[in-house]
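The report below describes the fold, core and surface features of one chain. Please read it alongside the sequence and the coordinates.

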Amino acid sequence: HRAIQTTRRRHPRAGDVLPLIEDTALPMDADHLGKIVEELLDNAMKFAPENSPVRLLARAVPPRYRIEVVDRGAGMPPETAAQAGSQIQHGRGEREQQGAGLGLAIAVRLVALNRGELKLESAPQRGTTARVLLP
């Protein structure tokens, strides 16, 4: 929940974040989990149009805990989504964003450190779903 508060402080339109969270105990550092969610939300807020909801869904799907951040933003080609975690920023020329573009790479590293998986599903002009599966 702290990650949602951080996102709301960073983005004036953070009321667009629609969380649906099922609490559970996870065998990982709470700061790691918060940083993963924060980076995924931050990325979605940068690329989703204003007044476009960004959904945060988190629930147990035994034997895993699934976190999804879904936006209806600019999206990216599937081959770019497959490179999740590389330090590129898709469409930087058209949609300049502040920062070094490391947020997704940080999330990927933290997910891997906690024996999880992060996958992106995306399509141009249809949005992106970032899906994290944790043990």
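Helices (H or I, at least four residues) and strands (E, at least two) are taken here as DSSP runs, numbered from the N terminus. The model is predicted, and therefore local features are reported at pLDDT of at least 70 and side-chain atom pairs at pLDDT 80 or more, whereas totals for chains, interfaces and linings use all residues. Residues are numbered from 1 along each chain as its sequence is written, and side-chain values use heavy atoms, with hydrogens and water left out.

**Sheet and packing helices**

In the order β1-β2-β3-β5-β4, 5 strands make up an open sheet with mixed pairing, where two strands pair if DSSP finds at least two bridges between them. The edges are held by β1 (17-21) and β4, and because each has a single partner strand, one side of each is left without a neighbour in the sheet. From one strand to the next the twist averages 10 degrees; for such angles, axes are lines fitted to C-alpha atoms, for helices over the stretch in contact, and values run from 0 to 180 degrees between N-to-C directions. The strands β4 and β5 run antiparallel and are joined by 7 bridges, and S122 stands opposite T128 in β5. On the sheet, α1 packs so as to touch β1 and β2, with a direction at about 180 degrees to that of β1, contact meaning heavy atoms within 4.5 Å. The helix α4 also packs on the sheet, where α4 touches β4 and β5 and its direction makes about 140 degrees with that of β4.

**Core**

The largest nonpolar core (buried Ala, Val, Leu, Ile, Met, Phe, Trp, Tyr and Cys residues joined through side-chain atoms within 4.5 Å) has 29 residues, and those with the most contacts inside it are L40, L41, I67, L118 and V132. Two or more residues each are given to this core by α1 (2-10), α2 (30-47), β2 (54-61), β3 (64-71), α4 (103-113), β4 (117-123) and β5 (127-134), and the largest share, 6 residues, comes from α2. Leaving aside residues up to four places away in sequence, I67 touches L33, V37, L56, L57, A58, A130, R131, V132 and L134. Within α4, the residues G103, L104, A105, A107, L110 and V111 are buried, that is, under 20% relative accessible area, against over 50% for exposed and partly exposed in between (1.4 Å probe, protein chains only). The cover over the buried residues of α4 includes α2, β4 and β5.

**Backbone features in loops**

Two residues that are not glycines have a positive phi, as tabulated.

| Residue | Phi | Loop | Relative accessibility |
|---|---|---|---|
| N51 | about 65 degrees | between α2 and β2 | 67%, exposed |
| R115 | about 60 degrees | between α4 and β4 | 60%, exposed |

A cis peptide bond, with omega about 10 degrees, joins P62 and P63, and P63 lies in the loop between β2 and β3.

**Second largest pocket**

How many residues line the second largest pocket? Its lining has 19 residues, of which H1, I21, D23, L33 and V37 lie nearest its centre. On a 1 Å grid over the protein atoms alone, a pocket is an open set of points where a 1.4 Å probe fits, with protein on both sides within 12 Å along at least five of seven lines, and lining residues have an atom within 4 Å of a point. The elements giving two or more residues to this lining are α1, α2, β2 and β3, and α2 provides the largest share, 4 residues.
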